[in-house]
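Work through the exercises below with the sequence and the model open. Each task is followed by a worked solution.

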Amino acid sequence: MYRVNKLLQSPYTSRSTFLKRFLSIKEKPYKSQQQQNGVKPYEKREIKKLLVANRGEIAIRVFRACNEQNIKTVAIYSAEDESQLHRIKADESFLIGHGLTPIQAYLNIPEIIKVALRNDVDAIHPGYGFLSENGDFAKACREAGISFVGPSPDVIYRMGNKVHARKAAIDANVPIIPGTENAVKNLDEVRRFVAEHGYPVLLKAARGGGGRGMRVARKDSELEEAFQRASSEAKAAVGDGSLFVERFITQSRHIEVQRRHQKVIEVAPATNLAEDLRQRITADAVRLAKHVGYQNAGTVEFLLDNQGRHYFIEVNCRLQVEHTCSEEITGIDIVQSQIRVAEGKKLPELGLEQDKIKMMGASVQCRMTTEDPAKNFQPDVGRLDVFRSAEGFGIRIDSASAYTDAIISPHYDSLLVKVIARARTHQEACSKMVRALREFRIRGVKTNIPFLLNVLHHPEFLEGSITTSFLDENPGLFKFVPSQNRAQKLLNYISEILVNGPLTPLGTDVKPSVIKPQLPHIKKKDLPDGWKQVLEQGGPKAFAKAVREHPKPMLMDTTMRDAHQSLLATRVRTYDLKKTGPYVAKNFSQLYSLENWGGATFDVCMRFLHECPWNRLTELRELIPNIPFQMLLRGANAVGYSNYPDNVIDKFCQMSVDYGIDIFRVFDSLNYVPNLKVGIEAVGKANGVIEAAICYTGDVSDPNRKKYNLNYYIKLVDELVKMGTHVLAIKDMAGLLKPKATTLLVDSIRQKYPDLPIHIHTHDTAGTGIANYLAAFEAGADVVDVAVDAMSGMTSQPTMGGLVAALQNTKHDTDIDLLKVNEYSAFWEQTRQLYAPFECTTTMKSGNADVYVNEIPGGQYTNLQFQAFSLGLGTQFEEVKKAYTEANKLLGDIIKVTPSSKIVGDLAQFMVQNKLSPEELVERVDDLSFPSSVIEYMQGSIGQPPGGFPEPLRTKILKGKEKYDERPGSSLKPLDFQKIENELKKKFGDEEIRECDVMSYVMFPKVLEEYIEFKKNYGPVDCYETRIFFVGPTLGEPIEIEIEHGKTLHIVVLAISDLLPQSGEREVFFQVNGQLRSMKVKDTAASKDHKVHPKVDKHKKEQIGAPMPGQVLDVKVKEGDQIEKGQTLLVLSAMKMETVVKSPTSGKIKKIHVINGQQVQGDDLLVELDQ
């Protein structure tokens, strides 16, 4: 019988086209070596008991064929295969290879024969690989009186050896590719062949290797490495490292998808193959088989060039992986046929005359392997945390180690599952295969499924028109959309919390409440228009004019940003903010804006909440389409704490507008006009509403406070108006305004600028906020900041409900429904209990009018208190507040808002820790090591303070360090965003990096990198409800996680194991959607003394890690060696594949962390360099 098969190859292989003819013809009469030596050959007989000298999927495949024929089965297994299914599937199984390597165990002919004889085995099936093409093994079987299911020893000797097979083809008048007549003995012989025939050349294992032991060399520099790797792999695979060399023919038709010379996709029958060509090829195959007296199943392989000429390549004297395709389109069980032929049956007795074999439909086989196609198909090993197989009409699954909890070993081939699809046409078979591959759910190890899907979707593959340039011309085949793997990552997150504690550090020991706050459901179609529509219709100037002309006072709600920054350490999650979105949009459409972005929330989102701030913005905008969004912009620092080139601020503002921000409150912590100008101009270019801010400090109503008097602020307003501000903000970040001062300041501005909208921001630390707002409206203010009642007061903003009630039935009535405010507040009162670990009320029980003395900003007050406790200064907080006043004076009485407020706070805590009075600090200034923030401030890194720096203190603190007297960012070169994006994509992958991630990186490089790594490990943790996110569920508690609309995970934590002493891990058991799953997590506390191999730090170029799990075969360098970029450091082996680890850079070997024979895991540290 025969099948002509169309296949493909990847660029990692020889890119040849093979045509196959599967033969089972009667063996020619011959005198065997046994007969010549007077040894009586075995008599053919019925097979009642059969041993499979192999493992895994092929062993099980043969067992199944035997079971259907009532033949008892025997398995052999190595110590490493003790838990493998092929051992269990057989009627009997026996351990072999004691003291041998995992591969050598299956190559031990004497022991296999001994097991067979000891257990009355009639026949041995070799499967494929290992000893399947070893003539000595077939001969040993015959000499022991055991049937060998395969060709005779003489035929294997002749055809299993590639060199001898070539000679047989020449004798049979079958065309061949130019190659060496005999196996080459050394590299010099290879070079002589190259000198005659040129490059490229293909080095191949002389005794076969199932794709192992093959390397292409295209130039001199590749030849030695290719020779060594091919020989070493061949020896590991079949016990013989001899090679032969042939000319490598390019630009031929593809027949198999291969990686590293192993097929991964096969199809039958061949597409687009002319019938006369098929007949010529099959005729040559039959002629060669008859010439050598071949019996049983085998494969004759040919290469077809682009001129339609075919060349003999080799004969595979064994069953092949892809024979399943032949079985599917012919209905013939090839394994059963092999066994019957071995029993002495003739083809007519089996109904296998050639004219009776008909091809029905089409078949596609995919070899699903545990390899990562994104990393050049590197093998992956480990535990299958999840395995869910495909099923359905037209799909066949052949597997062995594919089940949940199976351990994928590094010692053997990476084949996990063979998936075979059958349908009426090639295209329909491909569709079924795609469906099946998508049904698989495999977690714990990487697989090649993404690559298989890319090929199966490609039009050229579907049409059967591919050539050897197919993969080279289609690099998109190697671009993969990574599996989201959300459920597994989320379970990993819960497991980590349950074993090692919260991944977001908690501020106190108080735990979140068990509560699920809710608001009434709102339909989007019911949302009224608001001020967002006014802005969209008229633009920023028209918007500002409409605000000024509006007859009612307007409110901005800070609940979504400054309120929780002030009360809950900025820890409120998007998950809870989104719950309020529709309710706010429906019931508070008259709000001037919602402050929901910028400031400290930007980096905290990534750093502690593990979510993207840009996603927060777009998700809230989707829910709230009718109210303008406002953010806090730190002038020339955007949302960062560093100085940036001006093009960064421009791009940041434009992106913010694109993602949903409307109004920018632009401020500078020192009211430094050059910094303010950068932010104002950037917002103007982005067509945002410019709300320039004057940061308020001091007391304009006190004639004794000279520095920040009314004249100072009016001059500053003049500057802001000249720069084109649309709205003026008075930013009272410490809550220092008093009603008299408010009236004086607002009235003075209103008199000078009657058409300029005025927006007041304050904190209610002293409890005077509502009084100040009433005074502000009387003086002509247009907008004030409030927070919903449950999130107001103390260091937050004044209460929304209180102000609404105070203004009812007056000319300043807001027309806001107080009952709706109450309902909104009730939600936040409950939600606040979820953030109990971060509550300011843990340490702060009320507001305090001493703020008029210490001038600590509201947003800093609670943070400073937390910091004091963490530094062991909790009982000395009153001293810290006093020191804050003194530190402010030492620094020159500066405006205090982030980052200047932090500088004052750092100096204050420094003074308390070191028990320094102001006088002592000045006296000992030469001996003290000041906080870096204080030094940088004195250098001028955040700008120039009003009135200049205090001297001589500045000069003494700097101790000769450079001073900056101009705008800090003015001399910085424009940033190359494309270069940064390319570097990030190279490091994390194209799919991980968006434009907004580049901007996040520019603002906070390390924070963004840590966020991406966290997301890779733990997935979209923003979909957890807040209590679960912070502290995890209790045992037995059912939780629901909506990973996307209409897709919900039902999870129950069942148990946590005791410590596993060998690994230092604990196993956490779950029920997920009714199915049992488990995760193993390293117990960091218990495993401190557990010795583990160090991992590579990927951020350090001088560290080189293992690209895959495996065994160290050969360390090529020693400590102290000077190496060049690209030089080979060592060779790793896994799954019979060898990988060369090369140095990514030049340097000197500082330390080698591995030795020959050592097993390593992926990312284990191999070598350190001194650069």
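**Exercise 1.** Which domains does the domain assignment of the protein give?

Solution. The model is predicted: local features need pLDDT of at least 70, side-chain atom pairs count only at pLDDT 80 or more, and totals for chains, interfaces and linings use all residues. Residues are numbered from 1 along each chain as its sequence is written, and side-chain values use heavy atoms, with hydrogens and water left out.
- Step 1. Read off the bounds, which come from an automatic or database domain assignment: domain 1 (49-158), domain 2 (370-418 + 426-478), domain 3 (531-841), domain 4 (856-958) and domain 5 (1093-1170).
- Step 2. Take the centres of domain 1 and domain 3 over C-alpha atoms; 78 Å separate them.
- Step 3. Set this beside the box filled by the C-alpha atoms of the protein, roughly 125 × 65 × 60 Å along the principal axes.

**Exercise 2.** Describe the surroundings of K731, which UniProt lists in an unreviewed entry for "modified residue: N6-carboxylysine".

Solution.
- Step 1. Treat the annotation with care: UniProt positions are given in the numbering used here, feature names are shortened, and annotations may be inferred rather than shown by experiment.
- Step 2. Place the residue: K731 lies in strand 29 (residues 727-732). Strands (E, at least two residues) and helices (H or I, at least four) are DSSP runs, numbered from the N terminus.
- Step 3. Is K731 buried or exposed? K731 counts as buried because its relative accessibility is 4%. Buried means under 20% relative accessible area, exposed over 50%, and partly exposed in between (1.4 Å probe, protein chains only).
- Step 4. List the contacts (heavy atoms within 4.5 Å). With neighbours within four places in sequence left aside, K731 touches L632, F667, A693, I694, C695, Y696, H761 and V897.

**Exercise 3.** Classify the ring pairs Y708 with Y712 and F910 with F930.

Solution.
- Step 1. Apply the rule: rings of Phe, Tyr and Trp (its six-membered ring) pair if their centres lie within 6.5 Å; planes under 30 degrees apart count as stacked, over 60 as edge-to-face and the rest as tilted. The count by this rule is 36 aromatic pairs.
- Step 2. For Y708 and Y712, the centres are 5.3 Å apart and the planes at 80 degrees, so the pair is edge-to-face. Both Y708 and Y712 are buried.
- Step 3. For F910 and F930, the centres are 5.5 Å apart and the planes at 35 degrees, so the pair is tilted. F910 sits in helix 35 (residues 900-913) and F930 in the loop between helix 36 (918-923) and helix 37 (932-939), 20 residues apart.
- Step 4. Check burial: F910 and F930 are both buried.
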